[in-house]
Amino acid sequence: MSKRMTHQEICEEWEAVSRAQNVNHQRGIKAAITQCRQFLTAIHQQADVEQARYRYLAQRLCDHFWSHNIAHRTDQTPGYPGHFGCRVRLRRRKLELSWYYNRFVQKKSGEGRSVFSEYIRKEGRFRYHKPAFTRAQDWEKPLIMETEDGFEMLRRLNANQAELCRIVRKSERLLKDLEEHLGGLKEAASGSASPSSEEG
C-alpha cells in the first residue's frame, strides 16, 4: 500500500513534471484542470460548513444573552422586564443575527400578557448603532453591547466567507475559459525544437 503524498511532495511533483519531456502533457493538462475544479468545489462545500459553524457560534452568544434575560425575570431586578431580544437564523446561505424589541400588553382576560415583537433594523454594515438600544434597561445595555460585539465579529467573518465564494465563482468561469483555450492550441510540427530543450 503506497503512502499518501504530503502537501509538499505534491507541489514538488507538479514542479518536476512541468519541465519533463517524457510525459503525456495532454493527460497532465486534463488532470490539472480536473484537480483545479475539485479544489474550487471543495471550497464551496467547506464554505457551507464554515457558515454552519458561524451559526453555531452566534447561537452561543444568543443563548448567553437569553440566560441573563431569564435570570433577571424577577421582581428583585430594577427595570424588569427586559424588552430586547436577539435571534440567529441561517436561510439560503444568508446568516442573520438580528435584534427586536418586545412590548408586553396585558391580556383582556387579565391573566398574563401578550408579547408583540418589533424587528429593529440594522443601520450599520456589520453592527447595530447604539441609538437602536436607547430604550434598554440599565442591566440590559452592557449585555446587549457584549453580545453585539460578538455578532459584529461573526458578521465580518461571514462577509469574508461570502467574498471568498464570489472569488471562487469567478475562478470557475476563468478555469472553464482556460480549459477551452488550452484545448484549442495546435501542436507544433514534428522536428521543431521546444524552447525548454534549446535552453537545456
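1. A good place to start is Arg92, which sits in the loop between S1 and S2. Bear in mind that this is a predicted model. Arg92 has a phi near 50°, a positive value, and the residue is not a glycine. With a relative accessible area of 84%, Arg92 is exposed, since anything over 50% counts as such.

2. Next door, Arg93 belongs to the loop between S1 and S2 as well. Its phi is also positive, at about 60°, although Arg93 is not a glycine. Is Arg93 buried or exposed? Its relative accessibility is 55%, so Arg93 counts as exposed.

3. Now have a look at helix H2, which covers residues 25-71. How far apart should its ends be? At 1.5 Å a residue, the 47 residues of H2 should span 69 Å. The C-alpha atoms at the two ends of H2 are 68 Å apart, so the expected and modelled values agree.

4. The N-terminal end of H2 has a cap, and the residue that provides it is Asn24. A side-chain oxygen of Asn24 lies 3.1 Å from the backbone nitrogen of Gln26.

5. Which residues of H2 are buried? They are Ile33, Leu40, Ile43, His44, Ala47, Gln51, Tyr54, Ala58, Gln59, Cys62, Phe65 and Asn69. What covers them includes strand S1 (84-91), strand S2 (94-106) and helix H3 (140-183). If you are turning the model on screen, you can pick out these elements around the buried residues of H2.

6. Helix H1 (residues 7-18) is the other partner to follow here: its axis and that of H2 come within 12 Å and cross at roughly 150°. The crossing of H1 past H2 is left-handed. On the H1 side, the residues that meet H2 are Trp14, Val17 and Ser18. On the H2 side, they are His25, Gly28, Ala31, Ala32 and Gln35. Sorted by type, the residues of this contact divide into 4 nonpolar and 4 polar, with no charged ones.

7. Last, a word on the loop between H1 and H2, where you will find Val23. Val23 is partly exposed, because its relative accessible area of 29% falls between the 20% limit for buried and the 50% limit for exposed. How many residues separate Val23 from Glu111 in sequence? The two are 88 residues apart along the chain, and in space their C-alpha atoms are 83 Å apart.

Note on methods:
Residues are numbered from 1 along each chain as its sequence is written. This is a predicted model: local features need pLDDT of at least 70, side-chain atom pairs count only at pLDDT 80 or more; totals for chains, interfaces and linings use all residues. Side-chain values use heavy atoms; hydrogens and water are left out. Axes are lines fitted to C-alpha atoms, for helices over the stretch in contact, and angles run from 0 to 180 degrees between N-to-C directions. Helices (H or I, at least four residues) and strands (E, at least two) are DSSP runs, numbered from the N terminus. A crossing is left-handed if the near helix is turned anticlockwise from the far one by less than a right angle, and right-handed if clockwise. Contact means heavy atoms within 4.5 Å. Ala, Val, Leu, Ile, Met, Phe, Trp, Tyr, Cys and Pro count as nonpolar, Asp, Glu, Lys and Arg as charged, and the others, Gly among them, as polar. Buried means under 20% relative accessible area, exposed over 50%, partly exposed in between (1.4 Å probe, protein chains only). The expected span of a helix is 1.5 Å times one less than its number of residues. A polar contact is a pair of N or O atoms within 3.5 Å; within protein, one must be able to donate a hydrogen and the other to accept it, and residues adjacent in sequence count only if both atoms are side-chain atoms.
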